[in-house]
Amino acid sequence: MLAKGIQLSLLIGPIVPLPVPRAVLDALDSVEVHSASDAASGVSLTFQFDSRSALNTLFILSGAQGTGPGKLPLRILLIVVLNGSSQPLFDGMMTHVEVQGGSQGAPGTLTVIGEDVSRVMDMQDFSGLPFPAMPIEARVALLCAKYAPFGVIPLVIPLLFPDVQIPIDKIPAQQGTDLAYIQELARRVGYVFYVEPGPVAGTNIAYFGPEIKVGVPQPALNLDMDALTNVESLRFRFDPTKGKLPVVFIQNQLTRLAIPIPIPNLNPLQPPLGALPTPIANIELLKDTAKLNPMQALSRGLAEAKKSQDAVSADGSLNVLRYGRMLKARGLVGVRGAGVAYDGLYYVQSVRSTLKRGELKQSFTLTRNGLVSITPRVPV
C-alpha cells in the first residue's frame, strides 16, 4: 500500500495474530506509530468504510473477543519491508475503536487505537504477591516471564547498587499490576522499563535497566548539504538553566544526623555527547532520601542527575525513502550540517512514523547533554 520499495503487512488476532483479509488491507488509509524512551509505544490505524463494509463484522467480533473476565483484546502486529529488509514496526494490543460516519457521499472513517504489549501487563491487579529474599532484578524477570505467549523476552540489567532485604526484616510485596509495580521499581533505582518489538516479528524485548546512550550510531541526519540532505526540517533548542546537581541525604545510624552527598552525572552508560557540558544552574536537595538506606538513596540521586542534563534538543522530520532506513528511538544518531555547536551525536528520544499510500515519513525528537561535538566526524 506504500511507495516503491516499501511494503506493509498487518496481522490481527488473539495472542497469535494472523494476516488480515485483503479487503481490510485495501480499506487501510493511514498508519501512525509513536515510540519514545519514556512512554509506551502506541499505534493508530485509520480505515475508510461504509455501513456495508466488512470492517463492521470484523470489529464486532473484536469487541466480543475483548469482553468478559479472563479475555484479552486483539493483538496488532505491523511489519514493514524496506528495500527487501523486514522489520517489526509495532506489536501490541487494541485498546479502543473510534468511528466517524461519512457525509455527502464521502466514506466514513474507523480508527483503531492500540498500545504495545506492556498493555497486557496492566490488566490484572496482583497486590500482595510476596517476593521473599528476591532482588529487584529477579522480581522483574519473574513477572515478565508470565507473558512469554506474547513473545516477551526479559532483558534485565543488574543494579549498580544492589539492595536485598533480609526476610526476617521485611518481605517485599507487589503493589498494583505487573506493569505498575515494575515501573515503580524502575523509578526507585533510576532505571527505565519499556517493551519494544523485535528482533524478529512476534517477539518483544522487555528492557529493565539504565537508559543507555552508547552503541553504534544510526546513519547521520544531513541538513543543508545539497544532494546529501536527507531531512526535511531540523530545529534546535538550548536551555542553559536546565542543569541540576541533586544532593541526597544519608542518615548516620549512630548519631541520627543526615549527611548530604552531591551526586554528579557520571553514568558510564550515558557518557557526554557534547564537549561543553550542561552548566549546573540549580542545586536540588532530595531531603526524603534520608529515610532510605544508602544504596536506595544513591540510586535515587543518579536517577535525578540524569534527568536534568539534556539541555540541547532538536525536533525534525524526514522522508524514509530519502533517509534510506527507519530511524529508531532509544538509540544514537549523528547530525551534520547544523554548525559547530550542534553537529555531532544525539540520543533519539522519540519517533513518530506516519504511513500513507505513496509515502512513509517520520518526525523525531533528539536530545544531548552539551554543545559542540566530541567526535571529529559522525558515521555517514
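This is a chat about the fold, one helix pair and a few single residues of a predicted model.

Biologist: Let's start broad. How many helices and strands are in the protein?
Modeller: The predicted model has six helices and 21 strands.

Biologist: And what share of the residues is buried?
Modeller: Of the 380 residues, 46% are buried. As for contacts between residues at least 6 apart in sequence, 68% of them join residues at least 24 apart.

Biologist: Okay, helix 3 next. Which of its residues are buried?
Modeller: Helix 3 covers residues 136-145, and the buried ones are Ile-136, Glu-137, Arg-139, Val-140, Leu-143 and Cys-144. Looking down the helix axis, those buried residues fall within an arc of 160°, so they line one face of helix 3.

Biologist: What do the buried residues of helix 3 pack against?
Modeller: They pack against helix 4 (178-189) and against three strands: strand 8 (152-156), strand 9 (192-197) and strand 10 (204-209).

Biologist: Tell me about the two helices. At what angle do helix 3 and helix 4 pack?
Modeller: The angle is about 155°, and the axes are 11 Å apart. That makes helix 3 roughly antiparallel to helix 4. The crossing of helix 3 past helix 4 is left-handed.

Biologist: Which residues make the contact?
Modeller: Helix 3 brings Ile-136, Arg-139, Val-140, Leu-143 and Cys-144, while helix 4 brings Asp-178, Tyr-181, Ile-182, Leu-185 and Val-189. Sorted by class, the contact has eight nonpolar residues, two charged and no polar ones.

Biologist: Switching topic: where does Val-43 lie?
Modeller: Val-43 is in strand 4, residues 39-49. With a relative accessibility of 4%, Val-43 counts as buried.

Biologist: What does Val-43 touch, leaving out residues up to four places away in sequence?
Modeller: Val-43 touches Val-31, Glu-32, Val-33, Leu-78, Phe-90, Val-112, Ile-113 and Gly-114. Then there's Gly-92, which is 49 residues from Val-43 along the chain, with 8.4 Å between their C-alpha atoms.

Biologist: How about Thr-111, buried or exposed?
Modeller: Thr-111 counts as buried, at 13% relative accessibility. Its place is in strand 7, residues 108-116.

Biologist: And which residues does Thr-111 touch, again not counting those up to four places away in sequence?
Modeller: For Thr-111 the list is Ser-44, Leu-45, Thr-46, His-96, Val-97 and Glu-98. Thr-111 and Val-99 are twelve residues apart in sequence, and their C-alpha atoms are 6.3 Å apart in space.

Biologist: Now the odd backbone spots. Which residues does a cis peptide bond join?
Modeller: Gly-198 and Pro-199, with omega at about 5°. Pro-199 is in the loop between strand 9 and strand 10. As background, most peptide bonds are trans, and most residues other than glycine have a negative phi.

Biologist: On that second point, what is the phi of Asp-224?
Modeller: Asp-224 has a positive phi of about 55°, although it is not a glycine. Asp-224 sits in the loop between strand 11 (218-222) and strand 12 (233-238).

Biologist: Is there something similar at Arg-330, and what is its phi?
Modeller: Arg-330 is not a glycine, but its phi is positive, about 65°. The loop that holds Arg-330 lies between helix 6 (320-323) and strand 18 (332-336).

Biologist: Last one: buried or exposed, for Asp-224 and for Arg-330?
Modeller: Asp-224 is exposed, with a relative accessible area of 66%, whereas Arg-330 counts as buried at 13% relative accessibility.

Technical notes:
Residues numbered from 1 in each chain as written. Predicted model: local features only at pLDDT ≥ 70, side-chain atom pairs only at ≥ 80, totals over all residues. Heavy atoms only, no water. Buried < 20%, exposed > 50% of the residue type's maximum accessible area, 1.4 Å probe, protein only. Helix = DSSP H or I, 4+ residues; strand = E, 2+ residues; numbered from the N terminus. Arc of directions from axis to C-beta. Contact = heavy atoms within 4.5 Å. Axes fitted to C-alpha atoms, helices over the stretch in contact; angles between N-to-C directions. Parallel < 35°, antiparallel > 145°, perpendicular 65-115°, else oblique. Left-handed = near helix turned anticlockwise from the far one by under 90°. Nonpolar A, V, L, I, M, F, W, Y, C, P; charged D, E, K, R; others polar.
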